[in-house]
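Biologist: Could you take a close look at the salt bridges in this one for me? I'd like to hear who pairs with whom, and what sits around them.

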Amino acid sequence: LLEVSPHRVNRACPIGKRCGGCNFWHMDYEEELRLKGQRVRDAISRIGGVDPGEVTVLPGTMEGYRNKAQFPVGASDFGQPVAGFYMARSHEILPVQRCRIQDPRADEAKTAVMEWMELENISAYDEGSQRGLVRHIYVRTASVGTLVCIVANGGAPEVADTLLQLLQAAVPDLVGLVWNINRRPGNSVLGDRFETLWGQGCGLKFRLSPRSFFQVNRQQAQRLYDTALELAQLDANTTALDLYCGTGTITLCMARKAGKVYGVEIIDAAIADAWENAKRNGIDNVEFFCADAGQAAERFAREGIAPQVIMVDPPRKGLSPAVVDAMAQMAPERIVYVSCDPATLARDLARFSERGYDARTAVAVDMFPRTAHVETVVLLSKLNAKQHIEVELNLDELDL
């Protein structure tokens with residue numbers, strides 16, 4: 001360290017340097033926001049070839065904002081079960097007592113599971129031998145309760161009742177305990193088989209299955225969606241399409257303002273939740289389809305469904321060329337692109353530009369404070385060929 005930056009601070013997280021999950025505990029939050037805005041600007045201008053101007057970054061709360069936790073489980077050198085996070089660029093588990101960006105209830109649930117494993121002599125999964133029972137502790141938290149899912153290499157043991165008792169004592173607002181079986185080797189956390197060991201009604205407005213996607217920072221997700229909806233400019237005469245709709249969160253928000261909204265998602269459990277969420281909220285001007293985004297976009301284009309607005313929130317890899325082509329073929333007036341990766345966003349903006357769509361507005365949302373990730377919302381509008389012309393000048397032919 002040659003010179004200490006004025007933005008440098010002492011890490012509030014004691015394992016922040018070793019864990020690898022967070023990147024910015026060593027700097028103040030103002031500098032973190034500046035760097036994230038610069039990252040979005042640089043990506044869009046250098047890769048996308050578009051000048052986004054000043055990119056506003058909406059700040060968030062730095063601690064306790066994550067409503068989903070996935071703790072890998074293993075054994076220590078002394079054979080005791082441990083749970084925490086994989087260290088950077090490895091599969092070595094770093095035991096964690098308290099993660100500052102997680103909801104505290106997730107840590108309390110994890111501690112209860114560890115206590116149960118030691119008390120009942122429950123084995124931890126070993127990746128090398130593919131033996132042992134418990135692989136991950138998966139926790140989802142909300143204002144109305146906590147859902148705990150145990151990912152295991154086999155069925156639930158008879159002593160699962162003891163686990164429930166320990167969890168209820170550690171997490172008073174527990175609303176469900178789910179057992180998931182995943183015997184496949186590899187990095188996939190969840191398997192296909194779920195068994196609800198215990199659950200109670202909790203009056204949720206949105207039903208979430210363990211496999212369903214839902215934003216892990218609810219407060220910032222609300223700001224993200226509000227920004228996207230504002231840019232979409234929906235009204236009662238608007239037909240809209242929401243690709244990668246997940247459990248229908250933003251689809252249903254769009255349906256409150258639009259005339260008709262279609263939602264597409266490849267995870268069947270998420271689509272089932274989306275239909276249930278529409279029913280729970282009394283929204284009937286939506287339709288959900290379980291399909292690949294590219295296939296769905298091509299289908300809508302073939303069937304003549306012509307949305308004025310397309311909302312897209314793809315995974316980190318962004319959109320495939322086929323999806324971009326299908327979206328452009330439907331010729332929406334506006335495309336609202338929600339992205340979790342500035343680089344793939346910028347690449348796709350360049351592709352849309354080739355198809356006559358101009359990036360007008362970019363707003364960044366700090367969905368994951370203290371980490372390097374940043375979400376961005378961009379409005380693309382279709383250029384009107386009758387109002388725009390291109391003129392190419394050859395300077396050699398001008399009489400300067």
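Modeller: Take E303 and R299 to start with: their side chains meet in a salt bridge, at 3.2 Å from N to O. Both sit in helix α8 (residues 293-303), and because they are four residues apart there, about one helical turn separates them. R299 counts as partly exposed, since its relative accessibility is 33%. Keep in mind that this is a predicted model, so treat each distance here as computed from predicted coordinates.

In general, side chains of opposite charge can pair when their charged atoms come close. A search of the whole structure turns up 19 salt bridges, and K36 with D366 is a pair to look at, with the closest N and O atoms 2.6 Å apart. K36 belongs to helix α2 (residues 29-46), while D366 is in the loop between β14 and β15 (375-382), so this pair ties together parts that are 330 residues apart in sequence. How buried or exposed are the two partners? K36 is buried, at a relative accessible area of 2%, and D366 is buried too, with 0% relative accessibility. The cut-off for that label is under 20%. The pair also has company: E32, K36, D366 and R370 are joined into one network by salt bridges that share partners.

Now try E63 and R100, another salt bridge, where the closest N and O atoms are 3.0 Å apart. This one also links distant parts of the chain, 37 residues apart: E63 is in the loop between β1 (56-58) and β2 (68-75), and R100 is in the loop between β4 (93-95) and α3 (104-119). Here E63 is partly exposed, with a relative accessible area of 37%, and R100 is partly exposed as well, at 27%.

While you have strand β14 on screen, there is a cavity to find. The whole structure has two cavities of 30 Å³ or more, and the second largest has a volume of about 50 Å³. Its lining is made up of I44, V50, P52, L349, A359, R360, T361, A362 and V378. Strand β14 (residues 357-365) gives the largest share of that lining, four residues. By type, the lining residues split into seven nonpolar, one polar and one charged.

Two other basic residues are worth a click. K382 is in strand β15 and counts as partly exposed, at 37% relative accessibility. Setting aside its neighbours within four places in sequence, K382 is in contact with A331, P332, E333, R355, G356 and Y357. If you want a sense of scale, go from K382 to G145: they are 237 residues apart in sequence and 44 Å apart in space, C-alpha to C-alpha.

R140 is the other one, and you'll find it in strand β5 (residues 134-142). R140 is buried, with a relative accessible area of 7%. Its C-alpha atom is 7.5 Å from that of A106, a residue 34 places away along the chain.

If you go back to just one spot, pick K36 and D366: two buried partners that tie together parts 330 residues apart in sequence, in one network with E32 and R370.

Notes
Residues are numbered from 1 along each chain as its sequence is written. This is a predicted model: local features need pLDDT of at least 70, side-chain atom pairs count only at pLDDT 80 or more; totals for chains, interfaces and linings use all residues. Side-chain values use heavy atoms; hydrogens and water are left out. Buried means under 20% relative accessible area, exposed over 50%, partly exposed in between (1.4 Å probe, protein chains only). On a 1 Å grid over the protein atoms alone, a cavity is a set of points where a 1.4 Å probe fits but cannot get out, and a pocket is an open set with protein on both sides within 12 Å along at least five of seven lines; lining residues have an atom within 4 Å of a point. Grid points are joined across faces, edges and corners, and a volume is the space filled by probe spheres set on the points. Ala, Val, Leu, Ile, Met, Phe, Trp, Tyr, Cys and Pro count as nonpolar, Asp, Glu, Lys and Arg as charged, and the others, Gly among them, as polar. A salt bridge is a side-chain nitrogen of Lys or Arg within 4 Å of a carboxyl oxygen of Asp or Glu. Contact means heavy atoms within 4.5 Å.
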